[in-house]
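Hi,

Here's the structure I promised to pass on. Have a look at it first, and my notes come after.

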Amino acid sequence: MLVRAGAAAAAPAPGTTRTLPALRRLWRGGGSGPAACFPLGRALLAVRGAQAAPLLQGLVTNDVTPLAAGPPRALYAHALNVQGRCLYDLILYRLHESPEEEPHILLECDSGVLDAIQKHLKLYKIRRKVNIAPCLDLSLWAVVPGERAGDIANSLAKCADQALILTPDPRTEVMGWRLITKKGANPLEIIPGSCIGNVQDYHRHRYKQGIPEGVKDLPPGVALPLESNLAYMNGISFTKGCYIGQELTARTHHVGVIRKRLLPVHFSAPLPKDSIPEGAEILTESGKSAGKFRAGGGELGIALLRLANVNEPLYLNIAGDKVKLTANIPEWWPKPASK
């Protein structure tokens with residue numbers, strides 16, 4: 001058995017990151033309909049051993065120490081290359097429940113880079129006593145609450161033994177929860193009153209919110225963490241000490257000038273499937289480059305745009321045709337301080 005059953009976050013048990021009132025507010029604050037459970041194709045990788053946390057501490061942008069000690073059950077971070085560009089976007093989960101248990105951290109990642117992440121970790125493991133292995137017996141779900149989700153918090157404790165991890169998404173509250181179960185477990189029994197959602201609707205939801213996820217949104221060796229809103233998504237510590245790629249990231253942060261950011265975009269017409277070149281240029285009305293398209297579906301997407309051009313008419317050039325798009329600042333972003 002990979003982990004002890006009953007490790008789900010059920011308020012107010014140890015490891016839970018929100019109080020009951022906060023849980024209720026979260027479930028009341030979603031979209032229309034009941035809570036939806038979306039099966040995700042992302043991979044899970046177990047990093048186990050007494051030196052698991054120290055290994056990860058030197059490889060990711062966030063501070064792993066609080067995760068290893070609790071109470072947070074999940075942590076968002078990027079692993080960077082030596083030039084300070086994103087290699088992998090990760091969500092880290094703590095599985096051990098007491099100091100007597102062997103430290104055990106799960107890494108959620110894009111399934112397309114699972115082998116690359118294993119090689120990356122093993123390259124820096126050196127002589128540390130850490131075991132790294134994919135978790136093929138687990139399933140990962142995103143749970144996005146709706147207006148009629150009901151009072152979920154009081155029901156979670158009754159079903160906690162069926163969930164290995166059930167925790168708020170660490171990136172932003174608008175993304176709901178992350179659920180990890182054994183293969184074959186029914187999430188509808190864990191989340192009362194929920195339904196199974198189409199994963200395309202999950203991607204539409206995160207595009208609408210401007211949340212990047214995976215290699216299409218964050219091209220390895222190309223995406224910069226601060227332009228990708230890593231600080232807005234609680235994914236970086238500027239006080240933790242050294243890690244690979246820290247120098248450029250810290251310098252950009254202290255200079256305080258970020259001219260481009262990932263933003264949600266809305267197109268005037270649905271995009272043709274699989275016919276948009278990777279990194280297609282987005283232009284202003286005068287033909288000046290305003291940024292690059294990253295990924296999308298239907299009329300929604302995510303793009304890296306110059307902030308100076310956000311309020312201008314913008315166009316994506318697709319095979320000689322101009323498709324108009326508009327960008328917006330997500331409501332969950334931190335508000336600028338009033339002067």
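Below is what turned up when I went through it, starting with the overall picture and ending with a glycine in a loop.

Before anything else, keep in mind that this is a predicted model.

**The overall picture**

The protein has eight helices and 16 strands. Of its 339 residues, 52% are buried. If you take the contacts between residues at least 6 apart in sequence, 73% of them join residues at least 24 apart. The exposed surface comes to about 15600 Å², with carbon and sulfur atoms supplying 53% of it.

**The barrel**

Six strands make a closed barrel in the order β11-β14-β13-β12-β15-β16, and the pairing is antiparallel. From one strand to the next, the twist averages 45 degrees. Strand β11 (residues 260-267) and β14 run antiparallel and are joined by seven bridges. If you want a spot to zoom in on, V265 stands opposite G301 in β14. Helix α7 packs on this sheet, where it touches β11, β13 (289-297) and β14. The direction of α7 makes about 25 degrees with that of β14.

**The open sheet**

There's also an open sheet of five strands, ordered β3-β4-β5-β2-β6, again with antiparallel pairing. Which strands stand at the edges? They are β3 (74-80) and β6: each has a single partner strand, so one side of each has no neighbour in the sheet. On average, and ignoring direction, neighbouring strands here are turned by 25 degrees against each other. Between β2 and β5, which run antiparallel, there are six bridges. One residue pair to look at there is A46 and its bridge partner in β5, L106.

**Salt bridges**

I'd guess this is the part you'll want to click through. As general background, side chains of opposite charge can pair when their charged atoms come close. Searching the whole structure gives 11 salt bridges.

Start with R42 and E108, whose side chains meet in a salt bridge at 2.6 Å, N to O. This pair links distant parts of the chain: R42 is in the loop between β1 (36-39) and β2 (43-48), while E108 is in strand β5 (residues 104-109), 66 residues apart. Are these two buried or exposed? R42 counts as buried because its relative accessibility is 12%, and the cut-off for buried is under 20%. E108 is buried too, with a relative accessible area of 0%.

E108 has another salt bridge, to R178, at 2.8 Å, N to O. Here again distant parts of the chain are linked, with E108 in β5 and R178 in strand β9 (residues 177-182), 70 residues apart. R178 has 0% relative accessibility, so R178 counts as buried.

Strand β9 also holds K182, which pairs with D137 in the loop between β6 (131-134) and β7 (138-144), 45 residues apart. That salt bridge is 3.4 Å, N to O. K182 counts as partly exposed, at 27% relative accessibility, and D137 is partly exposed as well, at 34%.

R42, E108 and R178 belong to a network of salt bridges that also takes in D89, D169, R171 and E213.

**The nonpolar cores**

The largest nonpolar core has 57 residues, and Y93 and L316 have the most contacts inside it. Strand β14 (residues 300-306) gives this core its largest share, five residues. A second, separate core has 28 residues, including A53, L59, L114 and I132.

What does L316 touch, leaving out residues up to four places away in sequence? Among its contacts are F267, L271, I276, F293, V323 and L325, and the list also includes the charged residues E281, D321 and K322.

**A glycine in a loop**

Last one: G210 lies in the loop between α7 (199-209) and α8 (246-255). Buried or exposed? G210 counts as buried, because its relative accessibility is 1%. Leaving aside neighbours within four places in sequence, G210 is in contact with P264, I302 and W332. The C-alpha atoms of G210 and A327 are separated by 9.9 Å, although the two residues are 117 apart along the chain.

Cheers

Key:
Residues numbered from 1 in each chain as written. Predicted model: local features only at pLDDT ≥ 70, side-chain atom pairs only at ≥ 80, totals over all residues. Heavy atoms only, no water. Helix = DSSP H or I, 4+ residues; strand = E, 2+ residues; numbered from the N terminus. Buried < 20%, exposed > 50% of the residue type's maximum accessible area, 1.4 Å probe, protein only. Contact = heavy atoms within 4.5 Å. Areas by Shrake-Rupley, 256 points an atom, 1.4 Å probe, with all protein chains shown as cover. Salt bridge = Lys/Arg side-chain N within 4 Å of Asp/Glu carboxyl O. Core = buried A, V, L, I, M, F, W, Y, C linked by side-chain atoms within 4.5 Å. Pairing = 2+ DSSP bridges. Axes fitted to C-alpha atoms, helices over the stretch in contact; angles between N-to-C directions.
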